[in-house]
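This report goes through a single protein chain, from its overall architecture to its core and then to a few points of backbone geometry. Please keep the structure in view while reading.

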Amino acid sequence: MDDVRYGYPRTTHVDHIVGHELDPRVPTHFTALNLRGQVVIFEVPGGDPEHARLLQGPHLVGTGADLAPVLLTFSGDAKHPDLVVTVNGLQVLFHNTGTSYAPMR
């Protein structure tokens with residue numbers, strides 16, 4: 001079923017207002033990929049590809065790691081929510097700085 005829903009490589013898309021947009025009515029688009037076990041997230045603020053960013057997520061190991069879907073959710077401040085990346089039972093948080101995301105350590 002994951003092949004149908006997420007394809008291969010596993011791909012997830014979500015739109016959300018995160019405070020990085022020039023126009024607050026146009027949400028930011030996120031695309032998360034599991035590329036052979038390396039999670040990467042593309043952020044396109046307010047649909048503006050000129051300001052696109054790449055976030056590097058966790059590197060997964062083990063048999064079938066490349067088959068795990070990546071889920072993106074948001075938490076915290078409604079105006080500048082943090083990004084929560086969930087994959088294979090692991091959660092990685094990216095802090096919203098107001099203009100971009102930074103990995104939380």
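## Charges and surface

For the charge count, Lys and Arg are taken as positive and Asp and Glu as negative, while His and the chain ends are left out. On that basis, in this predicted model, the protein has 7 positive and 11 negative charges, and the mean positions of the two sets are 3 Å apart.

The accessible surface of the protein comes to about 6200 Å², and carbon and sulfur atoms account for 57% of that area. Of the 105 residues, 37% are buried.

## Overall fold

The secondary structure consists of one helix and eight strands, and the order from the N terminus is α-β-β-β-β-β-β-β-β. The radius of gyration is 14 Å, close to the 13 Å that the globule rule gives for 105 residues, so the protein is as compact as a globular protein of that length.

Along its principal axes, the C-alpha trace spans about 40 × 30 × 20 Å. Among the contacts with a separation of 6 or more, 35% are between residues 24 or more positions apart.

## The nonpolar core

The largest nonpolar core has 18 residues, and those with the most contacts inside it are Phe30, Ile41, Leu72, Leu83, Val85, Phe94 and Tyr101. At least two residues of this core come from each of strands S2 (28–35), S3 (38–44), S5 (70–75), S6 (82–87) and S7 (90–96).

Setting aside residues up to four places away in sequence, Leu83 touches Phe30, Ile41, Leu55, Leu72, Thr73, Phe74, Val92, Leu93, Phe94 and Tyr101.

## A partly exposed loop residue

Val26 is located in the loop between strand S1 (10–16) and S2, and its relative accessible area of 33% makes this residue partly exposed. Beyond its neighbours within four places in sequence, Val26 is in contact with Ile17, Glu21, Gly46 and Gly47. Between Val26 and Asp48, which are 22 residues apart in sequence, the C-alpha to C-alpha separation is 9.5 Å.

## Backbone geometry in the loops

Most residues other than glycine have a negative phi, and most peptide bonds are trans. The peptide bond from Tyr8 to Pro9, however, is cis, with omega near 5°, and Pro9 is placed in the loop between helix H1 (2–6) and S1.

Arg36, in the loop between S2 and S3, has a positive phi of about 55° although it is not a glycine, and this residue is exposed, with a relative accessible area of 70%. Asn88 has a positive phi near 55° and is found in the loop between S6 and S7; Asn88 counts as exposed because its relative accessibility is 55%, against a cut-off of over 50%.

Methods:
Residues numbered from 1 in each chain as written. Predicted model: local features only at pLDDT ≥ 70, side-chain atom pairs only at ≥ 80, totals over all residues. Heavy atoms only, no water. Helix = DSSP H or I, 4+ residues; strand = E, 2+ residues; numbered from the N terminus. Rg over C-alpha atoms; globule rule 2.2 N^0.38 Å. Buried < 20%, exposed > 50% of the residue type's maximum accessible area, 1.4 Å probe, protein only. Contact = heavy atoms within 4.5 Å. Areas by Shrake-Rupley, 256 points an atom, 1.4 Å probe, with all protein chains shown as cover. Charge placed at Lys NZ, Arg CZ, Asp CG, Glu CD. Core = buried A, V, L, I, M, F, W, Y, C linked by side-chain atoms within 4.5 Å.
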